[in-house]
Amino acid sequence: MLRCTDLHRYLGQGEGRVHVLRGVSFAAERGQVYAIVGPSGCGKSTLLYLLGLLDQPDQGRIEINGQVMSNSDDLARTAARGAHIGFVFQFHFLMLEFTALENVMMPMRKLGRLSAEAMKARAHSLLDAVGLGAKTHRLGTQLSGGEQQRVAVARALANQPTILLADEPTGNLDVKNSALVFDLLTRLAKEQGQAVVLVTHNPEIAERCDVTRPMRDGMFV
Amino acid sequence: MSPNLRIAYRFLTAKKRAMFMSLACTILGVGLFIVTQATTSGFQSFFIKVILGINGAIRIEDKIQDTMRSMAAVGASDSYFSHREGVKYIEGVEEPQRVADALREFPNVRGISAVVSGGVQVSSAFKTENSPQLMGIVLEDHLRVSDLGEQIISGSLDEFRQTPRGVLVGRVLADRLQLTRGDTVNIAARGQSSRFKVAGIYETGYREVDKVNVYMHMSEARSLLKKPSGATFLQIGLHDASRAPADAARMVAVLRHKATSWQEREVTWLAVFQALRYSTMITVSVFTLIASLAMFNTLAMIVIEKTKDIAILRSMGYERKDITQIFLWQAGIVLAIGAAIGALFGRVVTWAVGQIPLPINGIFKTDHFIVIVDPNHYVAAIGTALVMVMVASLIPARRAARLEPGDIVRGTAQ
Ligand SMILES: Nc1ncnc2c1ncn2[C@@H]1O[C@H](COP(=O)(O)OP(=O)(O)OP(=O)(O)O)[C@@H](O)[C@H]1O
Ligand SMILES: [Mg+2]
């Protein structure tokens with residue numbers, strides 16, 4: 001499903017060049033929920049960007065559904081992102097000029113698989129699932145940080161991706177909503193066979209995942 | 001609505017104020033382009049109407065003498081001469097009737113008027129003028145190739161028609177000689193003078209003509225100028241005057257006479273009008289240039305402000321091409337609004353300018369601004385704005401598309 005081997009990534013330039021990822025290998029299977037844990041700055045987000053095809057490794061290979069994506073061109077990686085990957089960013093979540101509903105519909109509109117009506121219905125049900133059924137017409141600016149984060153989770157699920165990558169999807173959430181989002185993600189993994197990879201600092205959440213991979217200084221330990 | 005257009009529209013509405021400069025300049029650029037073209041081409045086409053009304057579309061004169069090749073061998077000086085001149089002419093049209101018959105075969109020819117012309121001296125009780133040019137015409141023929149009928153400002157055509165020894169005098173000449181309708185003038189040529197009656201005064205607005213041309217019935221002119229046969233030139237009216245150069249060229253080939261189109265005859269003034277059109281076009285395009293610079297600026301700003309949105313869009317599967325489109329659409333929306341309002345603004349100002357009083361006399365006579373409304377001007381105005389603004393927008397739009405989502409989310413995008 002998702003497999004990477006011996007990933008290396010350097011960041012920064014000249015003097016400030018840092019060897020952020022030092023040979024990471026990882027595989028995620030259908031229907032499993034993975035937690036990547038580790039201290040701040042160990043390279044979790046960097047790894048997730050590589051797995052999400054938002055960034056390219058300096059060395060190593062990434063396979064998605066059996067296809068090598070690490071050195072494919074921009075168009076192929078973009079298409080894979082749209083069709084197979086759902087991504088939840090760690091910090092910025094929404095396009096703020098758009099309503100929650102429009103944000104969730106955005107990836108569907110690009111993929112264009114559903115009719116306008118079906119897109120709308122699906123967006124509504126996803127927002128319901130993250131507990132925001134009553135705020136679908138709020139603009140991004142009119143939602144709290146945690147609400148924005150939940151809309152971002154709903155949006156990442158919009159195109160029914162086979163792989164969901166979430167960078168601290170419960171970081172801004174209270175216990176109740178953390179559980180809501182986490183339950184949603186695990187239920188999808190079990191019911192629809194998605195591979196879910198999430199980065200978390202929350203030990204309780206990590207505990208409940210199928211696999212926990214601790215990371216330190218750019219390597220799994 | 002396509003997703004990209006929808007996103008472009010939303011980005012734009014969040015930045016209405018920043019877009020205002022570009023919109024305002026697009027409106028001014030398009031509007032003023034239309035206005036200046038309406039006036040310059042208004043005057044130009046009015047000038048063309050005036051000169052066609054005076055001298056017709058084509059003038060045929062001077063038979064071409066077929067020079068023999070053997071002439072080149074006669075002597076060095078002769079061969080030089082004939083080489084330099086190319087062709088030799090025999091003055092005038094010897095057999096106007098035969099030429100006219102041949103001309104009637106040209107489908108574009110609307111009318112033919114044979115004119116007998118020569119320099120005369122015109123004297124009134126007050127003064128004598130030495131430069132007038134006598135034009136002996138057959139009135140009905142000449143009315144078909146000129147606007148003489150509409151140029152009479154005193155007296156009438158009927159009066160001229162019914163007065164065998166009547167003449168039509170231009171307004172400027174009449175003023176100089178202090179002539180009014182019904183006065184008697186002495187017209188002298190080749191040492192012989194006769195008395196004629198001023199049957200009417202005409203005004204073309206073209207000062208050089210109104211000062212010089214004196215129209216007289218053909219038979220009187222022939223006896224005064226002692227030209228019993230032939231014509232000085234034939235004036236031709238065309239159905240489609242714009243085709244005059246091509247027709248003139250064919251006439252030269254077929255008739256073996258010199259044929260001059262109005263475009264060739266008035267080349268100096270036409271060049272002046274053309275230069276005026278282009279120079280105003282360039283001046284006014286400065287607004288469009290500012291519009292495109294402002295657009296460049298605003299889009300570059302939006303690209304910087306929206307980098308995170310670009311990263312989000314790219315993460316969801318939007319391609320580089322989509323990002324370029326989103327930014328070009330923003331320029332497109334501003335352009336569409338600017339073009340629509342600009343065209344309307346141009347039309348209204350064109351109308352208003354047409355009401356401005358402006359007495360002009362010299363190469364034509366008018367008492368107000370002359371404007372013409374031509375869809376081509378609107379197309380050219382909008383086309384110029386479209387090209388300039390779109391070219392300026394392409395740079396920020398492509399820059400936005402080149403941004404790497406990974407760089408954006410780490411904050412190292414540049
Ligand atoms: N542009 C850059 N140039 C140099 N070093 C960078 C750059 N961006 C990130 N880093 C470094 O890369 C390392 C990994 O960063 P990353 O964002 O992956 O950490 P993280 O594990 O996600 O941390 P957190 O839990 O705080 O989100 C950090 O040590 C950071 O300082
Ligand atoms: Mg991180």
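This tour proceeds from the magnesium ion to the interface of chain A and chain B, and then to a salt bridge within chain A.

The model is predicted: local features need pLDDT of at least 70, side-chain atom pairs count only at pLDDT 80 or more, and totals for chains, interfaces and linings use all residues. Residues are numbered from 1 along each chain as its sequence is written, chains are lettered from A and ligands numbered from 1 in the order in which they are written, and side-chain values use heavy atoms, with hydrogens and water left out.

**The magnesium ion**

Select ligand 2, the magnesium ion, together with S45(A) and Q90(A). Its protein donors (N, O and S atoms within 2.8 Å of the metal, or 3.2 Å for Na, K and Ca; water is not among the atoms, so sites may look incomplete) are OG of S45(A) and OE1 of Q90(A), at 1.9 to 2.2 Å. S45(A) belongs to helix 1 (residues 44–51) of chain A, while Q90(A), 45 residues apart from it, sits in the loop between strand 6 (85–88) and helix 3 (100–111). Helices (H or I, at least four residues) and strands (E, at least two) are DSSP runs, numbered from the N terminus. S45(A) is buried at 17% relative accessibility, whereas Q90(A), at 22%, is partly exposed; buried means under 20% relative accessible area, exposed over 50%, and partly exposed in between (1.4 Å probe, protein chains only).

**The interface**

Next, display chain A and chain B. Each contributes 24 residues to the contact (heavy atoms within 4.5 Å). Together the chains bury about 2,500 Å², 60% of it on carbon and sulfur atoms; this is the accessible area (1.4 Å probe) that two parts lose on being put together, summed over both. Seven salt bridges cross this interface, each a side-chain nitrogen of Lys or Arg within 4 Å of a carboxyl oxygen of Asp or Glu. On the side of chain A that touches chain B, strand 1 (2–11), helix 2 (74–84) and helix 3 each give two or more residues.

Now select K110(A), which is partly exposed at 25%. K110(A) forms a salt bridge with D322(B), the closest N and O atoms being 2.8 Å apart. The pair joins two chains, because K110(A) lies in helix 3 of chain A and D322(B) in helix 16 of chain B. D322(B) is buried, at 5% relative accessibility. K110(A) also meets E319(B) in a salt bridge (3.9 Å, N to O).

**Within chain A**

Finally, select R208(A) and D183(A), whose side chains form a salt bridge (2.8 Å, N to O). R208(A) is in helix 7 (residues 203–208) and D183(A) in helix 6 (residues 175–192), 25 residues apart. D183(A) is partly exposed, at 33%.
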